[in-house]
Amino acid sequence: MTFTKNMGKIDRAIRMVVGLALMLMAALQIIPGWGWIGVIFVATSFLSFCPLYTVLGFKTCSDC
């Protein structure tokens, strides 16, 4: 399976901020354990690839 870039810079930045915020709040027990789902946001941000976007045929990058 090849990960083809399907996320733009703004999408990646938003995912990174939201993911890190969720993980921090989960670590500080401000929100319950579901906050660790932020790991998925951070991982997809690093990879510039969202599997759900592939299924839906959606892209947020202009150069891919």
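This is a chat about the helices, buried residues and aromatic rings of one predicted protein model.

User: What secondary structure does the protein chain have?

Analyst: The model is predicted. Its protein chain has three helices and zero strands. From the N terminus on, the order is α-α-α.

User: What box do the C-alpha atoms fill?

Analyst: Roughly 40 × 20 × 15 Å, taken along the principal axes.

User: And how many of the 64 residues are buried, as a percentage?

Analyst: Buried residues make up 31% of the 64 residues. The accessible surface of the chain is about 4600 Å². Carbon and sulfur atoms hold 73% of that surface.

User: What about contacts between residues far apart in the sequence?

Analyst: Take the contacts with a separation of 6 or more. Of these, 64% join residues 24 or more positions apart.

User: Let's go helix by helix. How many residues does α1 have, and what length does it reach?

Analyst: α1 has 19 residues. From its first C-alpha to its last it reaches 27 Å. That is close to the 27 Å expected at 1.5 Å a residue.

User: Which residues of α1 are buried?

Analyst: They are D11, R15, G19, L22, M23 and A26.

User: Where do they fall, seen down the axis?

Analyst: The buried residues of α1 fall within an arc of 95°, so they line one face of the helix.

User: What covers them?

Analyst: The cover for the buried residues of α1 includes α2 and α3.

User: And what is on the other side of α1?

Analyst: There, K9, I10, I14, V17 and L24 are exposed.

User: I'm looking at L20. Where is it, and what is its relative accessible area?

Analyst: L20 is in helix α1. Its relative accessible area is 43%, so L20 counts as partly exposed. The C-alpha atoms of L20 and I37 are separated by 9.9 Å. Along the chain, L20 and I37 are 17 residues apart.

User: What follows α1?

Analyst: Q29 follows α1, and its phi is positive, near 60°.

User: On to α2. Which residues are buried there?

Analyst: In α2, the buried residues are G38, V42, T44 and S45. They span an arc of only 165° around the axis, so they sit on the same side of α2. Their cover includes α1 and α3.

User: Pick S45. Why does it count as buried?

Analyst: Because its relative accessibility is 2%, and buried means under 20%.

User: What does S45 touch?

Analyst: Leave out residues up to four places away in sequence. Then S45 touches M7, R12, R15 and M16.

User: And F46, buried or exposed?

Analyst: F46 is in helix α2. At 60% relative accessibility, F46 counts as exposed. Beyond its neighbours within four places in sequence, F46 is in contact with R12 and M16.

User: What separates F46 and A21?

Analyst: They are 25 residues apart in sequence. In space, F46 and A21 are 16 Å apart, C-alpha to C-alpha.

User: Anything to note just after α2?

Analyst: S48 comes just after α2 and takes a positive phi of about 60°.

User: New topic. How many aromatic pairs does the structure hold?

Analyst: The structure holds two aromatic pairs. One of them joins F3 and F49. That pair is tilted, with 4.8 Å centre to centre and 55° between the planes.

User: Where do F3 and F49 lie in the chain?

Analyst: F3 is in the segment before α1 (9–27). F49 is in the loop between α2 (38–47) and α3 (51–56). The two are 46 residues apart, so this pair links distant parts of the chain. F49 counts as buried, at 5% relative accessibility.

User: What about Y53 and F58?

Analyst: Y53 and F58 form an edge-to-face pair. The centres are 5.0 Å apart, with 80° between the planes.

User: How exposed are those two residues?

Analyst: Y53 counts as buried, at 14% relative accessibility. F58 is partly exposed, with a relative accessible area of 44%.

User: What lies over the face of Y53?

Analyst: R15 does, at 5.1 Å from the ring centre. R15 is also one of the buried residues of α1, and S45 of α2 touches R15.

How values were computed
Residues are numbered from 1 along each chain as its sequence is written. This is a predicted model: local features need pLDDT of at least 70, side-chain atom pairs count only at pLDDT 80 or more; totals for chains, interfaces and linings use all residues. Side-chain values use heavy atoms; hydrogens and water are left out. Rings of Phe, Tyr and Trp (its six-membered ring) pair if their centres lie within 6.5 Å; planes under 30 degrees apart count as stacked, over 60 as edge-to-face and the rest as tilted. Helices (H or I, at least four residues) and strands (E, at least two) are DSSP runs, numbered from the N terminus. Buried means under 20% relative accessible area, exposed over 50%, partly exposed in between (1.4 Å probe, protein chains only). A charge sits over a ring if NZ of Lys or CZ of Arg is within 6 Å of the ring centre and within 35 degrees of the ring normal. Contact means heavy atoms within 4.5 Å. Accessible areas come from the Shrake-Rupley method with a 1.4 Å probe; for residues, only the protein chains shown count as cover. The arc is that of the directions from the helix axis to the C-beta atoms. The expected span of a helix is 1.5 Å times one less than its number of residues.
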